[in-house]
Amino acid sequence: MDFELGHISPAGMQFTELADKHSAEFATTADRHDRENIFPMQNWESMRRSGFLSATVPEELGGMGVRAIHDLVVAINRLARGDGSTAIGAAMHTTAFWYLAKLLRRPPAALGDQRFIVGLRLILRRCARGRVVACVAISEQGTSLGEPRALAAPERDGYRITGRKYFCTNSPAATVFLSSVRIPAGGERDTLGFALIPRETPGVTVVADWDALGMRASGSGAVVFDSCHVPEGLVMPGGPVGALSAEILPLTMTGALVLAGAFLGIAERAQGLVVDALSRRHAASAGPPYARPGVTEIIGENEADLAASRAVISRTAVLLDEHLDPAGEPAVPLAELHELMKEVQSANMVAKHSAIAVVDRALTASGGSGYLTSNPLSRLYRDVRAGLFMQPFSALDAFQYIGRVRLGADLGPDL
Ligand SMILES: Cc1cc2nc3c(=O)[nH]c(=O)nc-3n(C[C@H](O)[C@H](O)[C@H](O)COP(=O)(O)OP(=O)(O)OC[C@H]3O[C@@H](n4cnc5c(N)ncnc54)[C@H](O)[C@@H]3O)c2cc1C
């Protein structure tokens, strides 16, 4: 019997099967890419060709039509077992397109400008034809996520965008950057905006400077926007700067949960590797692996942690699907969105802390062979550590946010 997370819709089944196939394919090169610090362009080409990258595009626009957040989490969870670096990039891309598809389901009046709807359809169709890879470029050095310094200055027919982002996962493969910007409001509180900036826009530079402890094949380097003109229809307002508004909460909570699924996948892979290694050792020697009580206990503790993570992630995905999908997000009151985000952050912290513990214990149980660079466990040990840095929220802020929501604190712009 297998108690791994499973799809809940027919489209999700197709997506999960494809994820398993890609996971097995990417696992064969993940260690080499990690060691050589190479961005695996061929993984992205493969996901583009198979239709994996257009899974969340509606069927009528040529995609697979995956709508359930649960299925998005499951597919990324499976992919991460093979290659965590590619999985976090695929998580960003597919969540971004899940959100764009969701926007299109809103009543046209709620979307405002007709040019925005036309632009949205166009980019979703292009994604379905395998022509688009999205990079979510939000983080900037020295400022918090909701307070971008990247400026979108209004001009004729659009905006002129200038700024520098870092940690831009899969930027080497990206054809479009979904980037947070600050729109000056003339004396009022500035507005947070999300701009879709095509890579070919004059002034875009992908710096390709990624060299990190783990997730080394994720291509999470810097991207510079130097006076880039972006047409009006490609910039979406996201509420006042500094606040987690009703406009951005659904996207950020979905992204956070999908990423938690990736870190669960890394932990599952570590446990699978060590159990396999112990079984082989059993075959080659006198006693069974459980003859050593310390090892048996570690494997048991890991199983318990994995079961808890799967349960909390799956339950939270179901909650999001129930509350976000039918209503059309603007109809969900802000306080309720914060309650949902609290559940996502609780799942996020449980899953990421326990993923780190599971991989660490797997390494201990490996008895030392896992410490060798040639053993995938050493890569998993470094990759899994990335989870707690990723926002929103990192380990520095998550529990405070959860506590504030639970205690009914004012979640105003100082969040
Ligand atoms: C592998 C990986 C992939 C990533 N991919 C992406 C991606 O695709 N897109 C993206 O946008 N981001 C991405 N991120 C970035 C991530 O989500 C975080 O934004 C990033 O790790 C934040 O790091 P930071 O040092 O800039 O900021 P922070 O962690 O916010 O802070 C840095 C330091 O400043 C301190 N500090 C912060 N605020 C205050 C304050 N008010 N007062 C005093 N001290 C303060 C903190 O305590 C901390 O020590 C990725 C990160 C990783 C590790």
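**View 1. Asn37, an exposed residue with a positive phi.** In this predicted model, Asn37 has 12 C-beta neighbours inside 10 Å, so Asn37 counts as exposed. That number sits right at the cut-off, since a residue is called exposed at 12 or fewer. To find Asn37, look in the loop between helix H2 (30–36) and helix H3 (41–50). Asn37 is not a glycine, yet its phi is positive, at about 55°.

**View 2. Phe167, a buried residue with a positive phi.** Phe167 is another residue other than glycine with a positive phi, here near 60°. Where is Phe167 placed? Phe167 belongs to strand S3, which covers residues 158–168. With 23 C-beta neighbours inside 10 Å, Phe167 counts as buried, whereas Asn37 in the previous view counts as exposed. Keep Phe167 in mind for the ligand view, because this residue comes up again there, among those that come nearest to the ligand.

**View 3. Strand S3 and its two antiparallel partners.** Strand S2 (residues 151–155) pairs with S3 in the antiparallel sense, over five bridges. Two residue pairs help to set the register here: Leu151 has Thr162 of S3 as its bridge partner, and Pro154 stands opposite Tyr159 in S3. The hairpin of S2 and S3 has two residues between the strands, and Asp157 takes a positive phi near 65° in this hairpin. S3 also runs antiparallel to strand S7 (residues 221–231), and eight bridges join the two. For a landmark on that side, pick Arg164, which stands opposite Val224 in S7.

**View 4. The shell around the ligand.** Which residues come nearest to the ligand? Of the 21 residues around the ligand, they are Ile138, Ser139, Phe167, Thr169 and Gln391. Helix H5 (84–104), strand S1 (134–137) and S3 are the elements that give two or more residues to this shell. If you are thinking about the chemistry of the lining, the shell divides into 13 nonpolar residues, eight polar ones and no charged ones. In terms of domains, the shell draws at least three residues from domain 2 (135–240), and at least three from domain 3 (249–406).

**View 5. Two cis peptide bonds in the loop between H11 and H12.** Gln391, one of the residues that come nearest to the ligand, is joined to Pro392 by a cis peptide bond with omega near -20°. Pro392 is found in the loop between helix H11 (376–383) and helix H12 (398–406). The bond that joins Pro392 and Phe393 is cis as well, with omega about -5°. Phe393 also has its place in the loop between H11 and H12. A good way to explore this view is to step along the backbone from Gln391 to Pro392 and then on to Phe393.

**View 6. Domains 2 and 3 and their contact.** The domain assignment of the chain gives domain 1 (10–132), domain 2 (135–240) and domain 3 (249–406). How far apart do the C-alpha centres of domain 2 and domain 3 lie? They are 29 Å apart. The contact takes four residues from domain 2 and six residues from domain 3. On the side of domain 2 that touches domain 3, three residues are nonpolar, one is polar and none is charged.

**View 7. Helix H4, enclosed by the rest of the structure.** H4 runs over residues 69–82, 14 residues in total. From its first C-alpha to its last, H4 reaches 21 Å, close to the 20 Å expected at 1.5 Å a residue. Buried or exposed, what are the residues of H4? Buried: 14 of the 14 are, so H4 is largely enclosed by the rest of the structure.

**View 8. Helix H9 and its residue Leu319.** H9 (residues 293–324) has 32 residues and spans 46 Å between its end C-alpha atoms, close to the expected 46 Å. Its buried residues include Leu306, Ser309, Val312, Ile313, Thr316, Ala317 and Leu320. An α-helix has 3.6 residues a turn, so residues three or four places apart point the same way. Leu319 lies in H9 too, but is partly exposed, with 18 other C-beta atoms within 10 Å. Leaving aside neighbours within four places in sequence, Leu319 is in contact with Leu340 and Glu343. Pro10 is 309 residues from Leu319 along the chain, and their C-alpha atoms are separated by 19 Å.

Note on methods:
Residues are numbered from 1 along each chain as its sequence is written. This is a predicted model: local features need pLDDT of at least 70, side-chain atom pairs count only at pLDDT 80 or more; totals for chains, interfaces and linings use all residues. Helices (H or I, at least four residues) and strands (E, at least two) are DSSP runs, numbered from the N terminus. The expected span of a helix is 1.5 Å times one less than its number of residues. A residue is buried if 20 or more other C-beta atoms lie within 10 Å of its own, exposed if 12 or fewer, and partly exposed in between; C-beta atoms are placed from the backbone. A residue is near a molecule or strand if its C-beta atom, placed from the backbone, lies within 6 Å of it. Ala, Val, Leu, Ile, Met, Phe, Trp, Tyr, Cys and Pro count as nonpolar, Asp, Glu, Lys and Arg as charged, and the others, Gly among them, as polar. Domain bounds come from an automatic or database domain assignment. Two residues are in contact if their C-beta atoms, placed from the backbone, lie within 7 Å. Two strands pair if DSSP finds at least two bridges between them.
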